[in-house]
Amino acid sequence: MHLQSDITTIKGVGEKSATLFHKLHIETVKDLLFFFPRDYETFEEPATIADIQAGELCTVRGMVTGQPLVKQVRNLKILTVTVRDATGSMQLTFFNMPFLKNTLKSGQFYLFRGTAQVKGQRKKAGIEMQPAGLQGSPLGMPALVMEQPRIYKEDEYKNLMAFIQPRYSLTKGLTNLAVTKAVKQILSLCPMPEDILPKELLEKENLMSYKEALCAIHFPESREQLIKARERLVFNEFFFFLLLLRDSKAATMQEKNHTPMLETAETVRFIEALPYKLTNAQLKVIEEIKADMTGEHVMSRLVQGDVGSGKTIVAFWALLLSVTNGYQGALMAPTEVLAVQHYENILSLTKKYNLPFKTVLLTGSQTASAKREAYKALEEGSANLVIGTHAVIQDKVHFKNLALVVTDEQHRFGVRQRENLKSKGNHPHVLVMSATPIPRTLAIILYGDLQISIIDELPSGRKAIKNCVVGPSYRPKAYEFIAKEVNAGRQVYCICPMVEEGEMDDLENVVEYTEKLRAALPASIQVSYLHGKMRPADKNRIMESFGAGEIDVLVSTTVIEVGINVPNATVMMVENAERFGLAQLHQLRGRVGRGEHQSYCIFINTKENKETKERLEILNRSNDGFFIAGEDLRLRGPGDLFGIRQSGDLAFKLGDIYTDAGILKRASEAAEKWAHTLRENGVVERYLTQAENGLLECVDFTTI
Ligand code: ADP
Ligand code: MG
């Protein structure tokens with residue numbers, strides 16, 4: 001078995017499971033080796049029933065008392081049974097598993113693992129999400145209920161306790177056990193990638209070997225080992241990213257301005273014609289951009305501004321400056337949905353203000369002939385603006401005189417992309433727009449090659465968004481509220497962490513949740529969904545009809561998190577809010593409150609413990625992305641490294657610039673110190689070659 005081998009070389013992985021792995025973008029043995037767990041599960045000593053905390057995952061050793069009962073409720077077979085230990089009793093509920101009737105024997109002990117809830121206290125009002133299984137104990141007293149617990153035998157559970165168990169992101173049909181087994185095989189049969197960091201550096205930084213880290217990230221023997229393994233892998237990511245970044249910096253710092261510009265009447269008129277006044281922060285950034293583009297050196301500028309601070313109009317202004325100086329401009333977005341939104345926005349501005357843009361769209365899902373037409377227009381110069389995804393700077397695209405590339409909601413425009421354009425005779429100015437709140441110290445490390453502009457002011461007259469953090473029992477009320485807003489003509493987003501059934505059973509998924517909402521809301525309300533696994537053309541279609549108001553409620557994963565602007569949307573409801581980093585929730589919140597109407601955020605917190613509540617409450621207290629990210633980090637502490645990512649938009653697989661800020665700083669110092677030696681010894685070159693040959697995974701090149 002080799003790293004480049006097809007995954008079907010793994011025993012037990014046939015054609016059928018291969019297609020499932022493909023869905024997760026796993027083609028080769030290497031891909032699976034670098035498919036790190038998204039979470040870990042520790043099987044602790046069983047608790048007693050009296051010690052159970054509602055809402056917390058736990059294991060209980062209990063004796064089955066009496067016969068399990070099965071009853072039919074609509075299309076569900078519900079099995080209930082009581083178990084007890086020396087400290088108390090609780091009820092178990094299973095859905096559509098009637099066969100357990102024969103497995104669970106009265107008088108026998110089993111281990112049950114799940115999340116217990118107290119039920120039967122409240123009257124059910126409105127819509128009930130859970131199938132009505134249990135109505136509390138006979139006297140109407142609250143009862144402790146565990147739904148769908150996993151069942152273990154004594155020795156089975158003992159084995160699980162010995163290791164921390166990996167939990168992988170799954171897809172329907174692929175079990176965690178199947179992935180675990182396949183990874184185990186790789187670790188025992190396949191030669192591991194070479195460790196290309198020099199020994200001296202590893203010792204100095206007290207880092208684990210690469211090989212050991214790759215094993216331990218999947219099957220750690222202890223929490224300490226897991227932390228060390230992760231530290232090594234994160235260090236690797238940051239270190240090579242920063243090494244490559246240094247080249248980029250050297251390449252762009254002093255390059256002269258090949259496309260000098262002058263301020264034009266149109267750019268002045270445009271600002272005056274807008275229906276609103278630009279904020280002082282927007283005007284300041286526009287001045288900075290103008291100074292760059294009319295100055296001596298080529299521009300490399302990052303514009304950071306919180307969600308809703310109005311970055312788009314600043315980008316459009318810069319593009320207008322290029323175009324009115326007779327040059328071409330390009331605007332790239334991370335998703336097609338966002339590209340299409342910008343395209344339509346530009347078309348309508350062009351018409352409204354009679355702007356000289358001749359714009360073409362370029363995305364992956366366009367037909368070949370539409371693409372050819374766009375290429376032709378850009379090469380001939382009959383188009384002076386292109387908007388699209390990465391397709392915009394592919395090899396086939398030739399520009400007549402490209403002078404500015406803007407990337408929206410993307411962290412950088414890579415050296416490689418720049419080199420690629422240069423080889424075709426273009427030396428464009430680069431403007432990078434980002435809403436990710438990054439503290440200045442980190443920004444300097446990560447964007448050493450860029451000048452930084454900050455929009456630190458929101459347009460005036462925005463109504464503050466009203467937030468609430470509530471438990472799942474609030475859902476019926478939330479749905480009533482949603483129905484009310486829709487009836488008033490507004491629109492709603494509902495966010496779930498998962499795409500489809502079978503990924504993580506304890507979390508809400510978009511596909512099933514859409515069904516639940518359709519059932520819970522009046523039939524006149526249009527509910528549709530959107531997620532990252534859909535075809536781009538379908539995503540565009542859904543987004544377009546949401547933008548046009550044809551869809552009232554859009555259920556989505558966080559694909560919606562970047563850049564979307566539908567000012568009529570006033571409610572953002574987030575399921576399993578505890579699963580998201582606060583910075584990410586803040587981004588989601590930024591999708592509403594963009595228009596004249598009062599907007600609302602409803603964060604459903606399914607983990608009803610104190611820490612999660614306290615963490616989510618921060619969102620209530622602040623609307624400042626920088627502050628929120630910092631508080632989140634402070635509250636969770638550096639020990640809490642797994643499960644929650646703060647930022648999805650930097651290309652690091654494991655590393656998180658917030659939670660791993662310490663490692664980032666170390667990597668930055670080490671890169672500074674070692675850059676010269678490693679280059680001399682050809683280490684960087686070897687790293688790149690190995691990555692290109694599929695022997696290791698490295699940071700996304702397009703982002704460097
Ligand atoms: P972001 O910075 O998150 O990309 P957008 O550029 O999408 O934000 O702007 C959000 C909304 O605010 C848009 O509807 C835009 O038209 C509007 N907007 C931008 N600048 C101003 C301003 N100075 N005053 C009022 N509204 C503005
Ligand atoms: Mg934006």
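# A tour from the ligand 1 site outwards

Begin by selecting ligand 1 together with its surroundings: 16 residues surround it, and the closest of them are K277, G308, K311, T312 and R462. Bear in mind throughout that this is a predicted model. If the shell is coloured by residue class, 4 nonpolar, 7 polar and 5 charged residues should appear around ligand 1.

Stay on the ligand and display its oxygen atoms, since the next three stops each involve one of these. At G308 the partner is in the backbone, where a polar atom lies 2.7 Å from an oxygen atom of ligand 1. At K311 the partner is in the side chain, with an N or O atom 2.8 Å from an oxygen atom of the ligand. At T312 a polar side-chain atom is found 2.7 Å from an oxygen atom of ligand 1. A surface calculation completes this view, for ligand 1 taken alone exposes 570 Å², and the protein buries 85% of that.

From K277, one of the closest residues to ligand 1, move next to S460, whose C-alpha lies 9.3 Å from that of K277 although the two residues are 183 positions apart in sequence. S460 sits in the loop that runs between strand β15 (451-455) and strand β16 (466-470). Is S460 buried or exposed? Its relative accessibility is 72%, and S460 therefore counts as exposed, the cut-off for that class being over 50%.

Now select helix α20, residues 610-621, and draw a line from its first C-alpha to its last. The 12 residues of α20 reach 17 Å, close to the 16 Å expected at 1.5 Å a residue. Which residues of α20 are buried? They are T612, R615, L616, I618 and L619. These residues lie on the same side of α20 because they cover an arc of only 125° around the axis. The general geometry of such an element helps in reading this pattern: an α-helix has 3.6 residues a turn, so residues three or four places apart point the same way. Turn the view to the face of α20 directed away from its buried side, and the exposed residues K610 and R621 come into sight.

Two stops in the interior follow, and each pairs a buried helix residue with a partner distant in sequence. Select L585 in helix α19, which spans residues 582-589; with 0% relative accessibility, L585 counts as buried. Add G625 to the selection, and the C-alpha atoms of L585 and G625 will be found 9.7 Å apart, with their positions 40 residues apart in sequence. Then go to F238 in helix α8, residues 223-252, where the relative accessibility is again 0% and F238 likewise counts as buried. The partner to add here is K665, which is 427 residues away from F238 along the chain, while their C-alpha atoms are separated by 9.2 Å.

The last stops are in loops, and the backbone torsions should be switched on for them. R74 is in the loop between β2 (57-73) and β3 (76-85), and its phi is near 45°, a positive value in a residue other than glycine. At 72% relative accessibility, R74 counts as exposed.

For a second positive phi, select N354, a residue other than glycine whose phi is near 55°. N354 belongs to the loop between helix α12 (336-353) and strand β11 (359-362), and with a relative accessible area of 63% N354 is exposed. Within the loop between α12 and β11 one also finds P356, which is partly exposed, having a relative accessible area of 30%. To close the tour, measure from the C-alpha of P356 to that of G326: the two are 10.0 Å apart in space and 30 residues apart in sequence.

Definitions and conventions. Residues are numbered from 1 along each chain as its sequence is written. Chains are lettered from A and ligands numbered from 1 in the order in which they are written. This is a predicted model: local features need pLDDT of at least 70, side-chain atom pairs count only at pLDDT 80 or more; totals for chains, interfaces and linings use all residues. Side-chain values use heavy atoms; hydrogens and water are left out. Helices (H or I, at least four residues) and strands (E, at least two) are DSSP runs, numbered from the N terminus. The expected span of a helix is 1.5 Å times one less than its number of residues. Buried means under 20% relative accessible area, exposed over 50%, partly exposed in between (1.4 Å probe, protein chains only). The arc is that of the directions from the helix axis to the C-beta atoms. A residue is near a molecule or strand if one of its heavy atoms lies within 4 Å of it. A polar contact is a pair of N or O atoms within 3.5 Å; within protein, one must be able to donate a hydrogen and the other to accept it, and residues adjacent in sequence count only if both atoms are side-chain atoms. Accessible areas come from the Shrake-Rupley method with a 1.4 Å probe; for residues, only the protein chains shown count as cover. Ala, Val, Leu, Ile, Met, Phe, Trp, Tyr, Cys and Pro count as nonpolar, Asp, Glu, Lys and Arg as charged, and the others, Gly among them, as polar.
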